[in-house]
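Morning, everyone. Please have the sequence and the model open while I talk.

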Amino acid sequence: MPYTEDRSAWYEGQGLWQHVPASDWNDWVWQLKNRLTSVAQLEEHMTLTPDEKAGCLFASHKLALAITPYFFNLIDRNDPQCPIRQQVIPRGGEAILSDEETLDSLGEDEHSPVPGLVHRYPDRVLFLVTDRCAAYCRYCTRSRLVSNAQDYNFHAELEQGLRYIENHPEVRDVLISGGDPLLLSDKKLDHLFGRLRAIKHVEFIRIGSRIPVFLPQRITPELCEIFKKHGPIWMSIHTNHPKEATAELRAACERLSFAGVPLGNQTVLLKGINDDVDVMKALMHRLLRMRVRPYYIYQMDLITGGAHFKVDVRKGIEIIRALRGHTTGYAVPQYVIDAPGGGGKVPINPDYVEKITDTEVVFRNYEGQQFSYPLTHTPRPAGNEGELSVVGAPESSAPLAQPMFKD
Ligand code: SF4
(Lines give C-alpha, C1' and ligand atoms only; values in the text may rest on other atoms or scores of the structure.)
Protein backbone atom coordinates (compact mmCIF):
# COMPACT_ATOMS: atom_id res chain seq x y z
CA MET A 1 0.00 0.00 0.00
CA PRO A 2 1.50 3.41 -0.90
CA TYR A 3 2.68 5.48 2.04
CA THR A 4 0.40 8.40 2.85
CA GLU A 5 0.62 10.97 5.59
CA ASP A 6 -1.33 13.88 6.92
CA ARG A 7 0.94 16.62 5.62
CA SER A 8 -0.54 19.27 7.87
CA ALA A 9 0.01 17.26 11.08
CA TRP A 10 3.19 17.44 13.16
CA TYR A 11 3.34 14.96 16.01
CA GLU A 12 3.84 16.58 19.40
CA GLY A 13 3.23 16.02 23.07
CA GLN A 14 4.44 13.88 25.93
CA GLY A 15 2.66 10.70 24.86
CA LEU A 16 3.22 7.99 27.46
CA TRP A 17 4.83 10.48 29.84
CA GLN A 18 1.82 12.74 30.39
CA HIS A 19 2.29 12.48 34.16
CA VAL A 20 5.71 14.13 33.99
CA PRO A 21 5.93 17.90 34.57
CA ALA A 22 6.60 19.76 31.33
CA SER A 23 9.71 21.26 32.93
CA ASP A 24 11.17 17.73 33.26
CA TRP A 25 10.00 16.64 29.84
CA ASN A 26 11.68 19.61 28.19
CA ASP A 27 14.88 19.10 30.11
CA TRP A 28 17.43 17.18 28.05
CA VAL A 29 19.17 15.86 31.16
CA TRP A 30 15.85 14.40 32.37
CA GLN A 31 15.37 12.77 28.96
CA LEU A 32 18.82 11.18 29.15
CA LYS A 33 18.33 9.97 32.73
CA ASN A 34 15.02 8.37 31.81
CA ARG A 35 16.13 6.53 28.69
CA LEU A 36 14.84 3.01 28.17
CA THR A 37 17.87 0.77 28.28
CA SER A 38 16.68 -2.74 29.14
CA VAL A 39 14.18 -5.38 28.10
CA ALA A 40 12.35 -4.88 31.38
CA GLN A 41 11.90 -1.15 30.75
CA LEU A 42 10.72 -1.73 27.20
CA GLU A 43 8.26 -4.37 28.37
CA GLU A 44 6.67 -1.94 30.77
CA HIS A 45 5.33 -0.18 27.69
CA MET A 46 5.12 -2.73 24.89
CA THR A 47 5.22 -6.37 23.93
CA LEU A 48 8.48 -7.30 22.27
CA THR A 49 8.53 -9.94 19.56
CA PRO A 50 10.77 -13.00 20.23
CA ASP A 51 13.13 -11.64 17.54
CA GLU A 52 13.38 -8.28 19.30
CA LYS A 53 13.91 -9.96 22.65
CA ALA A 54 16.77 -12.00 21.21
CA GLY A 55 18.21 -8.82 19.70
CA CYS A 56 17.98 -6.93 23.01
CA LEU A 57 19.82 -9.70 24.84
CA PHE A 58 22.59 -9.65 22.22
CA ALA A 59 22.79 -5.84 22.20
CA SER A 60 25.04 -5.66 25.24
CA HIS A 61 27.75 -7.37 23.13
CA LYS A 62 27.32 -5.21 20.06
CA LEU A 63 25.81 -1.78 20.60
CA ALA A 64 24.00 -0.64 23.72
CA LEU A 65 20.25 -0.29 23.80
CA ALA A 66 19.03 3.19 24.72
CA ILE A 67 15.99 5.18 23.62
CA THR A 68 14.94 8.58 24.91
CA PRO A 69 11.32 8.81 26.15
CA TYR A 70 10.77 11.47 23.46
CA PHE A 71 11.82 9.14 20.64
CA PHE A 72 10.11 6.09 22.18
CA ASN A 73 6.80 7.94 21.87
CA LEU A 74 7.17 7.84 18.09
CA ILE A 75 7.15 4.03 18.06
CA ASP A 76 3.98 2.23 17.02
CA ARG A 77 3.86 -0.32 19.82
CA ASN A 78 1.36 -2.47 17.92
CA ASP A 79 3.43 -2.77 14.79
CA PRO A 80 6.72 -4.73 14.81
CA GLN A 81 7.44 -3.28 11.36
CA CYS A 82 7.17 0.30 12.61
CA PRO A 83 9.99 2.25 10.92
CA ILE A 84 10.93 4.01 14.15
CA ARG A 85 10.88 0.81 16.15
CA GLN A 86 13.19 -1.00 13.74
CA GLN A 87 15.79 1.76 13.97
CA VAL A 88 16.28 1.58 17.73
CA ILE A 89 14.98 -1.76 19.03
CA PRO A 90 17.53 -4.51 18.33
CA ARG A 91 16.57 -7.62 16.39
CA GLY A 92 18.12 -11.07 16.18
CA GLY A 93 19.67 -10.24 12.80
CA GLU A 94 22.37 -8.29 14.60
CA ALA A 95 23.96 -11.56 15.65
CA ILE A 96 24.20 -12.87 12.06
CA LEU A 97 27.62 -12.34 10.52
CA SER A 98 28.36 -12.14 6.79
CA ASP A 99 31.67 -12.46 4.95
CA GLU A 100 31.18 -9.07 3.29
CA GLU A 101 30.82 -7.21 6.57
CA THR A 102 33.49 -5.86 8.89
CA LEU A 103 33.61 -3.97 12.16
CA ASP A 104 35.39 -1.00 10.61
CA SER A 105 33.84 -1.04 7.16
CA LEU A 106 35.23 2.38 6.15
CA GLY A 107 38.78 1.66 7.28
CA GLU A 108 38.71 4.62 9.69
CA ASP A 109 41.12 3.11 12.19
CA GLU A 110 43.82 2.80 9.51
CA HIS A 111 43.63 6.52 8.81
CA SER A 112 43.73 7.64 12.41
CA PRO A 113 46.99 9.44 13.24
CA VAL A 114 45.83 10.18 16.81
CA PRO A 115 42.98 8.51 18.71
CA GLY A 116 39.62 9.86 17.58
CA LEU A 117 40.89 11.74 14.54
CA VAL A 118 40.50 10.34 11.03
CA HIS A 119 42.55 12.03 8.32
CA ARG A 120 41.68 10.38 5.02
CA TYR A 121 41.13 13.29 2.63
CA PRO A 122 43.91 15.84 2.13
CA ASP A 123 42.06 18.95 3.30
CA ARG A 124 39.68 17.70 5.97
CA VAL A 125 39.48 15.58 9.09
CA LEU A 126 36.84 13.73 11.03
CA PHE A 127 37.10 14.49 14.73
CA LEU A 128 35.39 11.93 16.98
CA VAL A 129 34.84 13.66 20.30
CA THR A 130 32.74 11.11 22.19
CA ASP A 131 31.51 7.53 21.92
CA ARG A 132 28.10 8.26 23.45
CA CYS A 133 24.76 8.96 21.76
CA ALA A 134 21.34 9.90 23.08
CA ALA A 135 19.91 6.72 21.51
CA TYR A 136 21.60 4.00 19.47
CA CYS A 137 20.81 3.27 15.82
CA ARG A 138 20.93 -0.44 15.16
CA TYR A 139 22.74 0.05 11.84
CA CYS A 140 25.42 2.39 13.21
CA THR A 141 28.60 2.44 11.10
CA ARG A 142 30.68 3.06 14.21
CA SER A 143 29.04 0.42 16.40
CA ARG A 144 32.54 -0.99 16.97
CA LEU A 145 33.30 1.95 19.22
CA VAL A 146 30.01 3.74 19.96
CA SER A 147 28.62 2.88 23.43
CA ASN A 148 31.67 0.68 24.14
CA ALA A 149 29.59 -2.51 24.09
CA GLN A 150 32.45 -4.19 22.18
CA ASP A 151 35.15 -3.11 24.67
CA TYR A 152 36.81 -0.89 22.08
CA ASN A 153 37.65 1.52 24.91
CA PHE A 154 37.49 4.66 22.85
CA HIS A 155 38.65 7.73 24.71
CA ALA A 156 38.18 11.07 23.05
CA GLU A 157 41.59 12.71 23.02
CA LEU A 158 40.46 16.28 22.42
CA GLU A 159 43.79 17.91 23.16
CA GLN A 160 45.75 15.52 20.93
CA GLY A 161 43.24 15.97 18.13
CA LEU A 162 43.34 19.76 18.41
CA ARG A 163 47.14 19.77 18.38
CA TYR A 164 47.17 17.55 15.30
CA ILE A 165 44.86 19.99 13.49
CA GLU A 166 46.95 22.96 14.62
CA ASN A 167 50.06 21.30 13.20
CA HIS A 168 48.51 20.43 9.84
CA PRO A 169 47.93 23.60 7.81
CA GLU A 170 46.42 21.57 5.00
CA VAL A 171 43.33 20.88 7.16
CA ARG A 172 40.76 23.50 6.24
CA ASP A 173 37.61 21.54 7.16
CA VAL A 174 36.83 19.77 10.45
CA LEU A 175 33.83 17.49 10.82
CA ILE A 176 33.02 16.94 14.49
CA SER A 177 31.23 13.69 15.10
CA GLY A 178 31.28 10.63 17.37
CA GLY A 179 29.11 9.29 18.96
CA ASP A 180 27.15 12.47 19.20
CA PRO A 181 29.12 15.66 19.85
CA LEU A 182 26.09 17.53 21.16
CA LEU A 183 26.18 15.30 24.24
CA LEU A 184 29.23 17.27 25.36
CA SER A 185 28.48 19.99 27.86
CA ASP A 186 28.01 23.58 26.69
CA LYS A 187 31.30 24.44 28.36
CA LYS A 188 33.21 21.76 26.46
CA LEU A 189 31.59 22.66 23.14
CA ASP A 190 32.35 26.33 23.70
CA HIS A 191 35.99 25.45 24.37
CA LEU A 192 36.20 23.07 21.39
CA PHE A 193 34.67 25.51 18.90
CA GLY A 194 36.79 28.35 20.31
CA ARG A 195 40.00 26.34 19.88
CA LEU A 196 39.09 25.36 16.34
CA ARG A 197 38.13 28.93 15.44
CA ALA A 198 41.51 30.12 16.68
CA ILE A 199 43.29 27.91 14.13
CA LYS A 200 43.82 30.19 11.16
CA HIS A 201 43.83 27.47 8.50
CA VAL A 202 40.52 25.93 9.67
CA GLU A 203 37.95 27.57 7.42
CA PHE A 204 35.01 25.27 7.81
CA ILE A 205 33.56 23.61 10.93
CA ARG A 206 30.68 21.20 10.77
CA ILE A 207 28.92 18.82 13.11
CA GLY A 208 27.24 15.49 12.47
CA SER A 209 24.52 15.00 15.07
CA ARG A 210 21.37 13.00 15.59
CA ILE A 211 20.61 14.88 18.81
CA PRO A 212 17.95 17.12 17.22
CA VAL A 213 16.12 13.91 16.21
CA PHE A 214 16.58 11.86 19.40
CA LEU A 215 16.68 14.69 21.90
CA PRO A 216 15.47 18.02 20.49
CA GLN A 217 15.35 19.36 24.07
CA ARG A 218 19.17 19.60 23.92
CA ILE A 219 18.92 22.47 21.43
CA THR A 220 18.64 25.04 24.19
CA PRO A 221 18.92 28.82 23.84
CA GLU A 222 22.29 28.59 25.64
CA LEU A 223 23.60 26.07 23.11
CA CYS A 224 22.34 28.25 20.27
CA GLU A 225 24.29 31.19 21.72
CA ILE A 226 27.45 29.08 21.49
CA PHE A 227 26.73 28.39 17.82
CA LYS A 228 26.15 32.08 17.25
CA LYS A 229 29.39 32.99 19.00
CA HIS A 230 31.55 30.64 16.93
CA GLY A 231 29.55 30.45 13.73
CA PRO A 232 29.20 29.69 11.01
CA ILE A 233 29.11 26.08 12.12
CA TRP A 234 27.27 23.82 9.71
CA MET A 235 25.28 20.82 10.89
CA SER A 236 24.12 17.60 9.32
CA ILE A 237 21.23 16.03 11.14
CA HIS A 238 20.17 12.45 10.46
CA THR A 239 16.58 11.50 9.78
CA ASN A 240 15.33 8.36 8.06
CA HIS A 241 11.56 8.57 8.06
CA PRO A 242 8.93 11.33 7.94
CA LYS A 243 7.58 10.18 11.32
CA GLU A 244 10.73 11.64 12.86
CA ALA A 245 9.76 15.11 11.64
CA THR A 246 7.84 16.18 14.74
CA ALA A 247 6.85 19.61 15.98
CA GLU A 248 9.73 19.37 18.49
CA LEU A 249 12.29 18.59 15.78
CA ARG A 250 10.92 21.37 13.62
CA ALA A 251 11.24 23.84 16.53
CA ALA A 252 14.79 22.64 17.27
CA CYS A 253 15.76 23.15 13.62
CA GLU A 254 14.23 26.59 13.73
CA ARG A 255 16.28 27.52 16.80
CA LEU A 256 19.46 26.27 15.12
CA SER A 257 18.63 28.03 11.92
CA PHE A 258 17.96 31.32 13.70
CA ALA A 259 21.33 30.89 15.41
CA GLY A 260 22.92 30.88 11.97
CA VAL A 261 23.51 27.13 11.65
CA PRO A 262 23.04 25.96 8.05
CA LEU A 263 21.31 22.57 8.23
CA GLY A 264 21.63 19.53 6.00
CA ASN A 265 20.33 16.01 6.42
CA GLN A 266 21.74 12.55 5.94
CA THR A 267 19.53 9.53 5.49
CA VAL A 268 20.57 5.91 5.47
CA LEU A 269 18.66 3.72 3.04
CA LEU A 270 17.21 0.99 5.26
CA LYS A 271 15.17 -2.07 4.38
CA GLY A 272 11.59 -1.92 5.58
CA ILE A 273 12.13 1.62 6.91
CA ASN A 274 12.57 3.97 3.98
CA ASP A 275 13.25 1.85 0.87
CA ASP A 276 10.17 3.34 -0.70
CA VAL A 277 9.70 6.25 -3.09
CA ASP A 278 6.68 7.72 -1.28
CA VAL A 279 8.34 7.54 2.14
CA MET A 280 11.50 9.21 0.86
CA LYS A 281 9.61 11.90 -0.97
CA ALA A 282 7.54 12.67 2.14
CA LEU A 283 10.72 12.82 4.24
CA MET A 284 12.49 15.18 1.84
CA HIS A 285 9.49 17.48 1.72
CA ARG A 286 9.25 17.55 5.51
CA LEU A 287 12.95 18.38 5.76
CA LEU A 288 12.56 21.40 3.51
CA ARG A 289 9.67 22.58 5.62
CA MET A 290 11.96 22.36 8.67
CA ARG A 291 14.66 24.49 6.96
CA VAL A 292 16.85 21.45 6.35
CA ARG A 293 18.40 20.74 2.96
CA PRO A 294 18.48 17.01 2.10
CA TYR A 295 22.18 16.31 1.55
CA TYR A 296 22.92 12.58 1.30
CA ILE A 297 21.11 9.28 1.04
CA TYR A 298 23.67 6.67 2.03
CA GLN A 299 23.78 3.12 0.88
CA MET A 300 24.23 1.35 4.21
CA ASP A 301 27.82 0.60 5.15
CA LEU A 302 28.81 -3.07 5.37
CA ILE A 303 28.89 -3.28 9.14
CA THR A 304 28.91 -6.53 11.07
CA GLY A 305 25.39 -7.75 11.80
CA GLY A 306 23.70 -5.22 9.52
CA ALA A 307 22.53 -7.44 6.63
CA HIS A 308 18.88 -7.28 7.67
CA PHE A 309 18.90 -3.56 6.84
CA LYS A 310 20.59 -3.86 3.46
CA VAL A 311 18.72 -2.56 0.40
CA ASP A 312 19.45 -3.35 -3.26
CA VAL A 313 21.27 -0.40 -4.86
CA ARG A 314 18.76 -0.49 -7.72
CA LYS A 315 16.09 0.60 -5.26
CA GLY A 316 18.18 3.62 -4.27
CA ILE A 317 18.58 4.57 -7.93
CA GLU A 318 14.83 4.16 -8.43
CA ILE A 319 14.21 6.55 -5.52
CA ILE A 320 16.52 9.22 -6.96
CA ARG A 321 14.93 8.80 -10.39
CA ALA A 322 11.51 9.29 -8.79
CA LEU A 323 12.66 12.50 -7.10
CA ARG A 324 14.79 14.21 -9.76
CA GLY A 325 12.53 16.37 -11.92
CA HIS A 326 9.43 15.13 -10.13
CA THR A 327 9.85 17.44 -7.19
CA THR A 328 11.74 20.55 -6.04
CA GLY A 329 15.44 20.30 -6.85
CA TYR A 330 16.32 21.22 -3.25
CA ALA A 331 14.49 18.06 -2.16
CA VAL A 332 16.80 15.77 -4.12
CA PRO A 333 19.79 14.57 -2.10
CA GLN A 334 22.87 12.87 -3.50
CA TYR A 335 22.75 9.08 -3.27
CA VAL A 336 26.20 7.72 -2.38
CA ILE A 337 28.07 4.60 -1.48
CA ASP A 338 30.89 5.15 0.97
CA ALA A 339 33.41 2.86 -0.70
CA PRO A 340 34.21 -0.14 1.53
CA GLY A 341 37.68 0.05 3.04
CA GLY A 342 37.87 3.84 2.88
CA GLY A 343 37.61 4.88 -0.77
CA GLY A 344 35.38 7.83 0.04
CA LYS A 345 31.84 8.72 -1.02
CA VAL A 346 30.96 7.90 -4.60
CA PRO A 347 27.77 9.30 -6.16
CA ILE A 348 25.40 6.70 -7.54
CA ASN A 349 23.12 8.28 -10.11
CA PRO A 350 20.46 7.11 -12.50
CA ASP A 351 21.88 7.03 -16.01
CA TYR A 352 20.51 10.02 -17.87
CA VAL A 353 23.33 10.33 -20.40
CA GLU A 354 23.04 7.94 -23.37
CA LYS A 355 26.10 8.99 -25.32
CA ILE A 356 28.68 11.72 -25.63
CA THR A 357 30.42 12.28 -28.96
CA ASP A 358 32.61 15.12 -30.21
CA THR A 359 29.48 16.86 -31.48
CA GLU A 360 26.72 16.22 -28.94
CA VAL A 361 25.52 14.81 -25.65
CA VAL A 362 22.43 12.66 -25.95
CA PHE A 363 20.40 12.21 -22.78
CA ARG A 364 16.92 11.58 -21.44
CA ASN A 365 15.00 13.85 -19.10
CA TYR A 366 13.00 12.82 -16.03
CA GLU A 367 10.05 11.82 -18.25
CA GLY A 368 12.21 9.59 -20.44
CA GLN A 369 12.20 11.96 -23.43
CA GLN A 370 15.40 12.07 -25.43
CA PHE A 371 17.29 15.34 -26.00
CA SER A 372 20.52 16.37 -27.63
CA TYR A 373 22.83 19.16 -26.46
CA PRO A 374 25.22 20.20 -29.25
CA LEU A 375 28.89 20.51 -28.40
CA THR A 376 29.62 22.17 -31.73
CA HIS A 377 29.68 25.88 -32.48
CA THR A 378 28.61 26.88 -35.99
CA PRO A 379 28.82 30.67 -36.65
CA ARG A 380 25.98 31.98 -38.80
CA PRO A 381 26.82 33.73 -42.07
CA ALA A 382 27.05 37.55 -41.90
CA GLY A 383 23.67 39.24 -42.21
CA ASN A 384 21.90 36.35 -40.55
CA GLU A 385 22.68 37.02 -36.87
CA GLY A 386 19.13 36.27 -35.70
CA GLU A 387 18.77 37.08 -31.98
CA LEU A 388 22.07 38.95 -31.96
CA SER A 389 20.50 41.62 -34.14
CA VAL A 390 18.73 42.93 -31.01
CA VAL A 391 22.07 43.91 -29.44
CA GLY A 392 21.88 47.63 -28.79
CA ALA A 393 18.07 47.60 -28.81
CA PRO A 394 16.25 48.96 -25.73
CA GLU A 395 16.68 46.58 -22.80
CA SER A 396 12.98 45.82 -22.49
CA SER A 397 12.81 44.29 -25.96
CA ALA A 398 15.88 42.04 -25.58
CA PRO A 399 14.93 38.36 -25.32
CA LEU A 400 16.28 36.57 -22.27
CA ALA A 401 18.33 33.79 -23.82
CA GLN A 402 19.24 32.27 -20.46
CA PRO A 403 17.20 33.14 -17.35
CA MET A 404 19.33 33.75 -14.29
CA PHE A 405 17.26 31.50 -12.05
CA LYS A 406 15.43 28.38 -13.04
CA ASP A 407 12.94 26.11 -11.31
S1 SF4 B 1 23.47 8.66 16.38
FE2 SF4 B 1 25.07 8.31 14.81
S3 SF4 B 1 26.85 7.56 15.97
FE4 SF4 B 1 25.06 7.40 17.32
S5 SF4 B 1 24.30 5.30 17.05
FE6 SF4 B 1 23.19 6.60 15.60
S7 SF4 B 1 24.36 6.50 13.69
FE8 SF4 B 1 25.72 5.76 15.36
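**Domains, ligand shell and two helix pairs**

The domain assignment splits the protein chain into domain 1 (15–95), domain 2 (109–347) and domain 3 (352–382). Keep in mind that this is a predicted model. The centres of domain 1 and domain 3 are 54 Å apart, taken over C-alpha atoms.

Now the ligand. Which residues are around the ligand? Cys133, Tyr136, Cys137 and Cys140 are there, along with Arg142 and Val146. Then come Gly178, Gly179, Asp180 and Arg210. By class, that shell has five nonpolar, two polar and three charged residues.

Next, helix packing. Take helix 8, residues 186–197, and helix 10, residues 221–230. Their axes lie 10 Å apart, at an angle of about 5 degrees. Helix 8 and helix 10 are therefore roughly parallel to each other. Who meets whom between helix 8 and helix 10? Helix 8 brings Asp186, Leu189, Asp190, Phe193, Gly194 and Arg197. Helix 10 brings Glu222, Leu223, Ile226 and His230. That contact holds four nonpolar, two polar and four charged residues.

Second pair: helix 12, residues 277–289, and helix 13, residues 313–323. Here the axes come within 10 Å and cross at roughly 55 degrees. That angle makes helix 12 oblique to helix 13. The crossing of helix 12 and helix 13 is right-handed. From helix 12, the contact uses Val277, Met280, Lys281 and Met284. From helix 13, they meet Glu318, Ile319, Ala322 and Leu323. The class count for helix 12 with helix 13 is six nonpolar, no polar and two charged residues.

That's my tour. Over to you.

Definitions and conventions:
Residues numbered from 1 in each chain as written. Predicted model: local features only at pLDDT ≥ 70, side-chain atom pairs only at ≥ 80, totals over all residues. Domains from an automatic or database assignment. Near = placed C-beta within 6 Å. Nonpolar A, V, L, I, M, F, W, Y, C, P; charged D, E, K, R; others polar. Axes fitted to C-alpha atoms, helices over the stretch in contact; angles between N-to-C directions. Helix = DSSP H or I, 4+ residues; strand = E, 2+ residues; numbered from the N terminus. Parallel < 35°, antiparallel > 145°, perpendicular 65-115°, else oblique. Left-handed = near helix turned anticlockwise from the far one by under 90°. Contact = placed C-beta atoms within 7 Å.
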